[in-house]
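Subject: Structure for your review

Dear colleague,

Please find below the structure that I am handing over to you. My notes on what was found in it follow directly after.

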Amino acid sequence: MKPKTLKILIVEDDLLSRLSLKSRLDYIGEVREASSKEEALLLIENNQFDLAFVDLDLESQLAGLDIVARLSEKKTYTVVLSGREDERVIENAYLQGCRDYLSKPFTKTSLELIFKKYNSVINKNKTLQKLKDIFLTDDSSLVKELEIIEQALLGQRPILITGESGTGKTFLAKFIHQLSDEVSGKKSAFVHLNCAEISESLIESELFGYEKGAFTGAQKSKKGMLEIADGGILFLDEIATMPISIQKKLLKAIEEKSFFPLGSEKSVHSDFRLVSATHENLKSKIEKGEFRADFFFRIEGFNVMLKSLRDRKQDLNKLIQFFVKKGERLIVFDSSAKIVMSEYLWPGNVRELERTIEVLQTRDRGIVTAGDLQILLSKGIPSNVKFDLEEVKRLGLKSYIENLETNILKLALETNEDKVRKTLLDLKISNNSFYRILDNLKARESERA
Amino acid sequence: MLNSQNEKDLGTQVLVHDINSSLSALQGALEVIKDEWRSNPELVEKILPLTLEKINQLHLQLNNYRNFQHKFPLLKNR
């Protein structure tokens, strides 16, 4: 049995109602009772209650309103119980500071709902603290964005996370799922699809599933991600790369909460919460005709923008300490290294910082200098690619450009974790150009080897 | 006419409130009796006579309501 930590007050002049309510609340917390206004005010004066249930009509009409006002002053979550149906009375109760109004007669279920709401309100601050802790941030504008998540947890509206690569979009989506499960008290599905990772032809069958024989190679039926996500979260990462044709079909599935798997005449119902993420500007994609406006309005709801690391430099030290402690070996940074780290732009954001520290922890030296960092950080950073006329003269323009192309492709592949489709989209090059440059890159690397 | 309408409104409000309160007390009591009669017979023992009393009270309130409505047959309920 859980320890009784909640302090609850019941103010009700009817003995039967008081006894019944008390027997319900005895399981939840420590219950005190009052049958009159005077008795209630005395108890409130000498105790701090978490939750109070107050009947509005006690020895005189609406005497409970004064009790509500006093409880509200003492920050007690107050629920009014009343058989009155007059809206002015209800409004007045809310104006006095009551948080909920239970109309008599009420059921056990409505009482349970009150507790759910109370829990979510009470956990609100804890949730924000958790979000601040996992993002290791004191940055006020990032905290404001995280507050959006805290509000989003109570509903089912879609969440759109934007931010540069490496800012923690996937990490946040997973954490939203964890927090949602904590709020609802049940375990739900988390289905993750990176739209940039799979080809256009595969996305449809992955999302909607298919029946046996729906297409060549469909030897048995397969459930789609939409169906698997029923009751949970469908996380669509890199949603900007979602093909337009699929956007239309997905929009219908989201609106109707049902869809037809490929080759099936039977619709499948699925009620999931959509969380999407992108590092691209969807509005400019809509202007260019590369993204459907109606789909955009369906996937946005609670919009969260994760800041780049260079825009939240005050968090850098905290993050460094965290990643150093997370690794197996403690390292320290000398003053020159600290300057380099704070001046660096971190194009790969928190992910780049984490990987840099991981690499540094594998080195022989425990003291990191600016030199150690320059080798690591300058690796393939576009801002460091400078035009060098002497080099052009030495290599010839064609070779120089080939080198440049291979460097850029290497960097893009590294940044995109070898995802070909995303790299093609980022660099805006054709398949042919991609493989031509890739061949050059491989040739260069084998020459070096 | 206006005074009668006000009188009816006020009277109805009070009666509705009392009936709702009694119904609520009875509903809560019956739920407790249903859930606790095995595990907590002492509580049920305490609640039962109060429940019977409340039923009688509700009976009276319902009669009052009916009589009150008959007193103002031409006036609407608001």
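In this predicted model, the side chains of K108(A) and D35(B) form a salt bridge, with nitrogen and oxygen 3.0 Å apart. The rule finds 3 salt bridges across the interface of chain A and chain B. It also finds 9 residue pairs in polar contact across that interface, both residues of each pair being at pLDDT 80 or more. On the side of chain A that touches chain B, helix α1 (residues 15-25) of chain A supplies the largest share, namely 7 residues. Sorted by class, this side of chain A consists of 8 charged, 7 polar and 6 nonpolar residues.

As to the extent of the interface, 21 residues of chain A are in contact with 22 residues of chain B. The size of an interface is often expressed as the accessible area that is lost when the parts come together. Here the two chains, A and B, bury about 1,800 Å² between them, and 55% of that area lies on carbon and sulfur atoms.

Chain B itself has 2 helices and 0 strands. Of its 78 residues, 41% are buried. Among the contacts in chain B with a separation of 6 or more, 76% are between residues 24 or more positions apart.

I turn next to the interior of chain A. The largest nonpolar core has 30 residues; L207(A), L226(A), L234(A), L236(A), M242(A) and L250(A) are those with the most contacts inside it. At least two residues of this core come from each of β7 (190-194), α8 (200-208), α9 (225-228), β10 (233-237), α10 (244-256) and α12 (293-299) of chain A. The largest share, 5 residues, is that of α10(A). When neighbours within four places in sequence are left aside, L250(A) is in contact with L207(A), F208(A), L226(A), L236(A), M242(A) and F295(A). There is also a second, separate core of 23 residues, which includes F333(A), W346(A), V350(A) and L376(A).

A further element to examine is helix α3 (residues 64-73) of chain A, in which G64(A), L65(A), I67(A), V68(A), A69(A) and L71(A) are buried. The cover over the buried residues of α3(A) includes the strands β1 (6-11), β3 (51-55) and β4 (77-82), together with the helices α2 (37-46) and α4 (87-95), of chain A. Just after α3(A), K75(A) adopts a positive phi of about 60 degrees.

Yours sincerely

Definitions and conventions:
Residues are numbered from 1 along each chain as its sequence is written. Chains are lettered from A and ligands numbered from 1 in the order in which they are written. This is a predicted model: local features need pLDDT of at least 70, side-chain atom pairs count only at pLDDT 80 or more; totals for chains, interfaces and linings use all residues. Side-chain values use heavy atoms; hydrogens and water are left out. Contact means heavy atoms within 4.5 Å. Buried area is the accessible area (1.4 Å probe) that two parts lose on being put together, summed over both. A salt bridge is a side-chain nitrogen of Lys or Arg within 4 Å of a carboxyl oxygen of Asp or Glu. A polar contact is a pair of N or O atoms within 3.5 Å; within protein, one must be able to donate a hydrogen and the other to accept it, and residues adjacent in sequence count only if both atoms are side-chain atoms. Helices (H or I, at least four residues) and strands (E, at least two) are DSSP runs, numbered from the N terminus. Ala, Val, Leu, Ile, Met, Phe, Trp, Tyr, Cys and Pro count as nonpolar, Asp, Glu, Lys and Arg as charged, and the others, Gly among them, as polar. Buried means under 20% relative accessible area, exposed over 50%, partly exposed in between (1.4 Å probe, protein chains only). A nonpolar core is a set of buried Ala, Val, Leu, Ile, Met, Phe, Trp, Tyr and Cys residues joined through side-chain atoms within 4.5 Å.
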